[in-house]
Amino acid sequence: MLPTFNLTNELVLLERISTRNGKAGSGDVVILQSPENPRKLVTKRIIGMEGDKITYIVDPKNSDRTETVIVPKGHVWVQGDNIYNSYDSRNFGPVPYGLLKGKIWPSSAFGSIGKRPETVDPALKVLEQTNQS
Amino acid sequence: MKILLTKWSAIAKDSINRAAIVAKFLCLLHVTNTYIFSPTLVYGPSMLPTLNLTGDVLLSEYVSHRLGKVGPGDVVLVQSPENPRKMITKRVVGMEGEVVSFLVDPGHSDRSRTVVVPKGHVWIQGDNIYASNDSRNFGPIPYGLIQGKVLCRVWPLDGFGSL
């Protein structure tokens, strides 16, 4: 979940009411039970809710191939912010909403978790600047 | 005046103590119902003949699934993968890694399919395969969706006992 969270341990506040009420939506960072290991809790960001069409890069390190899926009813699509090193819905598919256990809060106040960071290669930005100057 | 005050403070102290006992009992009741065991009302045709159509009260416990003790043959309460607000009652047919063979459409054809249950998932089916929306329709469900295991039937009384 770089760069939103550090590589080492980080303490955040978790609120469990939104996921019970069905109020968790796209862009929220949530804690969910891993569909592959029920004893493990993982932190990911919700990219799409049921009915949304998701286009994702299958293997960003090696190729530019993308795939498009529609999220089935009752499920959500989660991805880590660090798409180069994240085991998420691109690997295990959409997860049922019932596996979401809580939402990281607050989402826009101190700590500013906020929106998903841009995934533009910083080397590209430097190249643009040197070309302009 | 002073005697009246001491009398009222004695009554107040006594009522606070009684209220504390009631509050402690309600807390204990809530914790038991949510995390240990509680009676559950279930209804629907998908578990005939094990469970009645019009409704049964079952005693279900919420400890086994946290310890990983749910296995094939158990009747479990799970959160529906299609609607997270709905709880459904089905039987566990296969755990992760097991091979499950099932009839795709038992009312109309004899075609069967075989799947391997993926890691971290379970395969659930209702006992009434002709009228059950289960893993044959929505696939294997993650183990984390299991909320509890059914122990025995409590009501109606003539069906009392383990299923």
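Across the interface of chain A and chain B, five residue pairs are in polar contact, both partners having pLDDT 80 or more. On the side of chain A that touches chain B, the residues divide by class into five nonpolar, seven polar and three charged. Please keep in mind that this is a predicted model. The points below start at the interface, then turn to chain A, the salt bridges and a few spots in chain B.

**The interface**

- Chain A brings 15 residues to the contact, and chain B brings 15 residues as well.
- The size of an interface is often given as the accessible area lost when the parts come together.
- Here the area buried between chain A and chain B is about 1100 Å², and carbon and sulfur atoms give 57% of that area.
- How many salt bridges are there between chain A and chain B? The count is zero, although the five residue pairs in polar contact do link the two chains.
- Pro142(B) offers a view of the contact from the chain B side: leaving aside its neighbours within four places in sequence, this proline touches Pro35(A), Pro96(A) and Leu99(A) in the other chain, along with Gly120(B) and His121(B) in its own.

**Chain A as a whole**

- Three helices and eight strands make up the secondary structure elements of chain A.
- Their order along the sequence is β-α-β-β-β-β-β-α-β-β-α.
- Chain A has 133 residues, and 40% of them count as buried.
- Among the contacts in chain A with a separation of 6 or more, 51% are between residues 24 or more positions apart.
- The exposed area of chain A is about 8400 Å², with carbon and sulfur atoms supplying 51% of it.

**Salt bridges within the chains**

- Side chains of opposite charge can pair when their charged atoms come close.
- Over all chains, the count comes to nine salt bridges; three of them are described here, starting with chain A.
- Arg65(A) and Glu67(A) are joined through their side chains by a salt bridge, with 3.4 Å from N to O.
- Are the two partners of that pair buried, partly exposed or exposed? Arg65(A) is partly exposed because its relative accessibility is 49%, and Glu67(A) is partly exposed too, at 33%.
- Asp88(A) and Arg90(A) form another salt bridge, with an N to O distance of 3.0 Å.
- Asp88(A) has a relative accessible area of 0%, so this aspartate counts as buried; Arg90(A), at 13%, is also buried.
- In chain B, Arg136(B) pairs with Asp134(B), and the closest N and O atoms of this salt bridge are 3.0 Å apart.
- Both of these chain B partners are buried: Arg136(B) has a relative accessible area of 15%, and Asp134(B) has 0%.

**Ser135(B), between the two salt-bridge partners in sequence number**

- Where does Ser135(B) sit? Its place is in helix H3 of chain B, which covers residues 135-138.
- Ser135(B) is buried, since its relative accessible area is 1%.
- A polar atom of the Ser135(B) side chain lies 3.0 Å from the backbone nitrogen of Ile124(B).
- Ile124(B) is also one of the contacts of Ser135(B) beyond four places in sequence; the others are Val122(B), Trp123(B), Pro140(B) and Ile141(B).

**Prolines of chain B**

- Most residues other than glycine have a negative phi, and most peptide bonds are trans.
- Which kind of peptide bond joins Leu48(B) and Pro49(B)? The bond is cis, with omega about -10 degrees.
- Pro49(B) belongs to the loop between strand E1 (37-42) and strand E2 (56-61) of chain B.
- Trp155(B) and Pro156(B) are likewise joined by a cis peptide bond, and omega is about 5 degrees there.
- Pro156(B) falls in the segment after strand E9 (146-155) of chain B.
- Pro142(B), already met at the interface, lies in strand E8 (residues 141-142) of chain B.
- With a relative accessible area of 5%, Pro142(B) is buried.
- The C-alpha atoms of Pro142(B) and Val78(B) are separated by 10.0 Å, while the two residues are 64 residues apart along the chain.

Definitions and conventions: Residues numbered from 1 in each chain as written. Chains lettered and ligands numbered in written order. Predicted model: local features only at pLDDT ≥ 70, side-chain atom pairs only at ≥ 80, totals over all residues. Heavy atoms only, no water. Helix = DSSP H or I, 4+ residues; strand = E, 2+ residues; numbered from the N terminus. Buried < 20%, exposed > 50% of the residue type's maximum accessible area, 1.4 Å probe, protein only. Contact = heavy atoms within 4.5 Å. Areas by Shrake-Rupley, 256 points an atom, 1.4 Å probe, with all protein chains shown as cover. Buried area = accessible area lost by both parts, 1.4 Å probe. Salt bridge = Lys/Arg side-chain N within 4 Å of Asp/Glu carboxyl O. Polar contact = N/O pair within 3.5 Å; in protein donor to acceptor, adjacent residues only side chain to side chain. Nonpolar A, V, L, I, M, F, W, Y, C, P; charged D, E, K, R; others polar.
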